[in-house]
Amino acid sequence: MEKKPMLSVAQALQTLLQAVRPLQEIEQVATLAANGRILAQTQYSTLHVPPMDNTQMDGYAVRAAECQSGQARLPVTQRIPAGVIGQCLDAGTAARIFTGAFIPNGADAVVMQEQCVSEVEGDQTFVTINHVPQSGEWIRRQGEDIKSGAEILVAGTRLRAQELGLAASVGLATLPVWRPLRVAVFFTGDELTMPGEALKEGSIYNSNRFLLTGLLQNLGCQITDYGIVPDNLAATRETLRQAARDHDLIITSGGVSVGEEDHIRPAVEAEGHINMWQIAVKPGKPLAFGEVRRSEQSNVGDHAFFLGLPGNPVSSFVTFLLFVRPFILRMQGIQDVTPISYAMRADFDWKKADRRNEFLRAKINQQGGLALFPNQSSGVLTSTVWGDGLIDLPAGQTITNGDMVSFIPFSGLLY
Ligand code: AMP
Ligand code: MG
């Protein structure tokens with residue numbers, strides 16, 4: 001039916017990624033406040049972790065060679081809690097030692113306290129070592145985790161709790177990160193009403209506002225929400241002009257379907273330029289990509305990017321994950337934008353081949369296979385809540401129960 005040939009998902013994505021202008025401004029933020037941010041410069045360690053050989057157990061530091069009888073009895077000549085530096089261990093003696101404490105010179109093994117018996121004779125404590133330790137036993141070696149000079153975090157990494165812990169372990173109190181991407185959103189459709197307001201006849205609630213806000217927050221974007229913009233050209237142009245002023249990207253939902261009575265296309269055309277795409281994807285298909293001019297001088301280039309998503313909530317969701325997410329990741333300096341996918345067994349039949357690449361909402365079942373949500377319509381948001389992810393079904397293919405399919409979990413698409 002369509003006159004224009006459809007773009008494949010890969011073609012559309014390639015065009016988008018080629019247009020990206022990555023962020024240039026770096027912020028130095030406290031490591032404690034850097035969760036979710038994207039590292040702008042590779043980080044190296046200036047020290048060994050652990051800094052010195054230390055004990056992994058509470059017990060006794062000994063010379064292993066002196067304990068080969070399996071019942072060596074040694075005077076305990078010092079006590080070394082974590083944080084205290086012990087004396088050199090004299091031959092024929094043992095040191096009481098506690099987890100994390102540095103191993104004293106002279107000692108080459110730790111025997112855990114459960115394998116030792118201590119007794120006091122006068123003012124001297126003795127320990128019997130009921131074990132034959134190997135040299136190095138229960139010792140965590142200097143630099144075993146990180147060697148001084150080693151690369152610990154690569155530029156372009158999204159910082160999670162574990163990256164922050166690693167940075168802190170080498171003493172990094174602040175980290176250089178890209179400034180957050182500034183994204184403006186607005187919603188078209190005179191039928192839209194906000195939750196909290198009564199639903200008038202013919203109206204629906206603006207679910208996309210919540211959906212897109214959540215998705216953008218997950219990606220660490222700084223969001224300005226212009227709300228529902230009335231379906232007229234002047235209001236749409238005015239909002240675009242305002243949004244372009246200090247945002248990197250403008251995202252809208254609705255009004256990009258073919259032949260629709262709407263103002264997105266003429267408004268973006270008047271304020272910049274726009275391409276209306278038909279993509280061979282289901283749900284999804286329409287997507288608008290363009291740029292909006294900035295009237296005033298700006299330090300973020302002379303255009304803001306524009307991405308117009310379809311209004312149907314599931315279409316909006318899927319197009320965001322397939323196209324907007326990788327675009328935003330690249331703008332933030334992340335190279336690898338391909339979502340993780342797994343080959344999994346489909347425990348259902350799907351007999352209708354489509355000429356578009358379908359993304360079916362599915363759930364992992366108790367048998368380790370995939371179950372399909374029964375209603376795959378692009379308006380049924382329930383499918384996205386029920387599901388664990390998307391099956392990426394190439395154009396023209398069907399699925400027979402037991403086939404292996406490519407499954408993209410939602411968990412891998414959160415950021
Ligand atoms: P459109 O892309 O404007 O043709 O809209 C397609 C469908 O999505 C219509 O049924 C709209 O009512 C619905 N829709 C548009 N915008 C939203 C929104 N923000 N939230 C929920 N549904 C929407
Ligand atoms: Mg509409």
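These legends describe three close-up views of a predicted model. Local features need pLDDT of at least 70 and side-chain atom pairs count only at pLDDT 80 or more, while totals for chains, interfaces and linings use all residues. Residues are numbered from 1 along each chain as its sequence is written, and side-chain values use heavy atoms, without hydrogens or water.

**View 1. Helix 1 against helix 6.** Helix 1 spans residues 9-19 and helix 6 residues 313-331 (helices are DSSP runs of H or I, at least four residues; strands are runs of E, at least two). Their axes, lines fitted to C-alpha atoms over the stretch in contact, come within 10 Å and cross at roughly 30°. The two helices are therefore roughly parallel (under 35 degrees). The crossing is right-handed. V9, A12, L13, L16 and L17 of helix 1 meet L322, F323, P326, F327 and R330 of helix 6 (contact: heavy atoms within 4.5 Å). By class, this contact has 9 nonpolar, no polar and 1 charged residues.

**View 2. Helix 4 against helix 5.** The axes of helix 4 (residues 233-245) and helix 5 (residues 264-271) come within 9 Å and cross at roughly 50°. The pair is therefore oblique (here, between 35 and 65 degrees). This crossing, too, is right-handed. L233, T236, R237, L240 and R241 of helix 4 contact I264, P266, A267, V268, A270 and E271 of helix 5.

**View 3. The surroundings of R356.** R356 sits in the loop between strand 22 (342-345) and strand 23 (357-364). R356 counts as buried because its relative accessibility is 18% (buried: under 20%, 1.4 Å probe, protein chains only). A polar atom of the R356 side chain lies 3.0 Å from the backbone oxygen of V281. Residues touching R356 include M6, I279, K285 and L393.

Methods: Chains lettered and ligands numbered in written order. Axes fitted to C-alpha atoms, helices over the stretch in contact; angles between N-to-C directions. Parallel < 35°, antiparallel > 145°, perpendicular 65-115°, else oblique. Left-handed = near helix turned anticlockwise from the far one by under 90°. Nonpolar A, V, L, I, M, F, W, Y, C, P; charged D, E, K, R; others polar. Buried < 20%, exposed > 50% of the residue type's maximum accessible area, 1.4 Å probe, protein only. Polar contact = N/O pair within 3.5 Å; in protein donor to acceptor, adjacent residues only side chain to side chain. Lists of a residue's contacts leave out its neighbours within four places in sequence.
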